[in-house]
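The following report describes selected features of one protein model, and it should be read alongside the sequence and the coordinates.

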Amino acid sequence: MPAALADPAAGALRANPRRLGRFRHVKIATFNINNVVARFDNLIEWLAEAEPDVVCLQELKTPTANFPAQALSQMGYEAVWKGQRAWNGVAILAKGAKPVVTRTALPGDTSDDQARYIEAAVAGVVVGCLYLPNGNPRPGPKFDYKLAWFYRLIAHGAALMASGAPVVLAGDFNVAPTEADIYQPNSWAGDALVTPQIREAFSRLLAQGWTDALRALPPGTPPWTFWSYLRNRWPTDKGLRIDHLLLSPHVARSLSACGVDRWTRGQDGASDHAPAWIQLDR
């Protein structure tokens with residue numbers, strides 16, 4: 001049985017607290033791979049080049065049994081994951097260590113069977129890997145589900161913050177928080193990624209004390225993490241920032257660098273997202 005099928009009710013504090021907060025020179029990345037089987041070669045090339053210590057993957061688009069765990073292990077990456085057909089599926093990879101699963105679902109709705117959240121203790125940090133719903137078209141049930149999921153994330157974020165554990169929430173949030181996170185203001189007006197309700201929910205989450213790490217990028221650096229396949233968006237650099245790494249205060253104090261590996265978007269058969277990453281040093 002894959003490690004990702006551990007007790008879904010387990011909480012972050014089930015991890016050994018003596019091991020938390022002892023990270024040193026850790027690089028944590030998030031990457032919506034947009035089909036881990038079809039784009040496995042792209043993933044391998046990026047892992048070899050970027051050498052992250054911890055990776056959060058979203059949109060696996062493969063059943064749990066088909067996740068390429070053995071091939072990743074041969075590269076030195078152990079994994080926990082929860083697969084699903086269609087648009088979902090999440091995983092956490094760690095170089096040279098097995099992540100200790102603390103959750104395989106976002107709490108708050110036991111009837112929700114979409115594989116969108118997995119959480120594990122790894123490299124001295126509790127890492128929550130998430131794939132927030134897209135929410136289109138709106139209005140409608142998909143947008144309602146997105147809002148409900150976001151509110152559950154806010155509640156869980158508060159619980160994680162209250163625990164005092166060092167936490168990173170990383171993934172495809174499917175929200176461009178401000179107009180500065182879009183290549184052209186108002187260009188996505190009406191889309192579920194930019195609605196006032198979704199932006200307000202993201203602000204509520206940040207207000208708990210999370211640091212939006214990619215906001216530390218150098219001035220003038222486009223923060224885009226996503227370029228649509230449509231309308232020549234990649235060649236013209238018309239992107240959005242919808243992938244985020246949120247850091248609890250304990251982790252934020254150790255942030256030394258961050259970035260986006262834009263070059264991956266130019267690969268043959270690339271995902272429409274590029275990996276975003278942070279470096280922690282203590």
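The text below treats the open sheet, its helices, unusual backbone geometry, one helix with a buried face, and a single residue contact set.

This is a predicted model, in which local features need pLDDT of at least 70 and side-chain atom pairs count only at pLDDT 80 or more, while totals for chains, interfaces and linings use all residues. Residues are numbered from 1 along each chain as its sequence is written, and side-chain values use heavy atoms, with hydrogens and water left out.

## The open sheet

Six strands form an open sheet in the order 5-6-7-8-10-9, with mixed pairing. Its edge strands are strand 5 (100-103) and strand 9 (211-212), each of which pairs on one side only. Here helices (H or I, at least four residues) and strands (E, at least two) are DSSP runs numbered from the N terminus, and two strands count as paired if DSSP finds at least two bridges between them. The table lists three of the pairings.

| Strands | Sense | Bridges | Example of opposite residues |
|---|---|---|---|
| Strand 6 (residues 117-122) and strand 7 | antiparallel | six | Ile118 and Cys129 |
| Strand 7 and strand 8 (residues 167-172) | parallel | six | Val127 and Val168 |
| Strand 8 and strand 10 (residues 243-247) | antiparallel | five | Gly171 and His244 |

Strand 6 and strand 7 form a hairpin with two residues between them, and Ala123 in the turn has a positive phi of about 55°.

Seven of the seven residues of strand 7 (residues 125-131) are buried, so this strand is largely enclosed by the rest of the structure; buried means under 20% relative accessible area, exposed means over 50%, and partly exposed lies in between, with a 1.4 Å probe and protein chains only. In a regular strand the side chains alternate between the two faces of the sheet. Both faces of strand 7 are covered, with Val125, Val127, Cys129 and Tyr131 buried on one side and Val126, Gly128 and Leu130 buried on the other.

## Helices on the sheet

Strand 7, helix 3 (residues 141-163) and strand 8 make a right-handed β-α-β unit, where right-handed means that, with the strands pointing away from the viewer, the path from the first strand over the helix to the second runs clockwise. Helix 3 lies across strand 5, strand 6, strand 7 and strand 8, and runs at about 20° to strand 6. Helix 4 (residues 196-206) lies across strand 9 and strand 10, running at about 25° to strand 10. For these angles, axes are lines fitted to C-alpha atoms, for helices over the stretch in contact, and the angles run from 0 to 180 degrees between N-to-C directions; contact means heavy atoms within 4.5 Å.

## Backbone geometry in the loops

Most residues other than glycine have a negative phi, and most peptide bonds are trans. Two prolines in the loop between strand 7 and helix 3 can be set against that background: a cis peptide bond joins Asn136 and Pro137, with omega about 0°, and the bond from Arg138 to Pro139 is also cis, with omega near -5°. Both Pro137 and Pro139 are located in that loop.

Asn174, in the loop between strand 8 and helix 4, has a positive phi near 50° and is buried, with a relative accessible area of 4%. Arg231, in the loop between strand 9 and strand 10, has a positive phi near 55°, but this residue is exposed, with a relative accessible area of 63%.

## Helix 1 and its buried face

In helix 1 (residues 40-50), the residues Phe40, Asn42, Leu43, Trp46, Leu47 and Ala50 are buried. Seen down the axis of helix 1, these buried residues fall within an arc of 155°, so they line one face of the helix; the arc is that of the directions from the helix axis to the C-beta atoms. On the other side of helix 1, Asp41 and Glu49 are exposed. The buried residues pack against strand 1 (26-32), strand 2 (54-58), helix 2 (69-74), strand 3 (77-82) and strand 4 (90-95). Just after helix 1, Glu51 takes a positive phi of about 50°.

## Ala257 in strand 11

Ala257 lies in strand 11 (residues 255-260) and is partly exposed, with a relative accessible area of 31%. Leaving aside neighbours within four places in sequence, Ala257 is in contact with Trp277, Ile278 and Gln279. The C-alpha atoms of Ala257 and Ile278 are separated by 5.7 Å, although the two residues are 21 residues apart along the chain.
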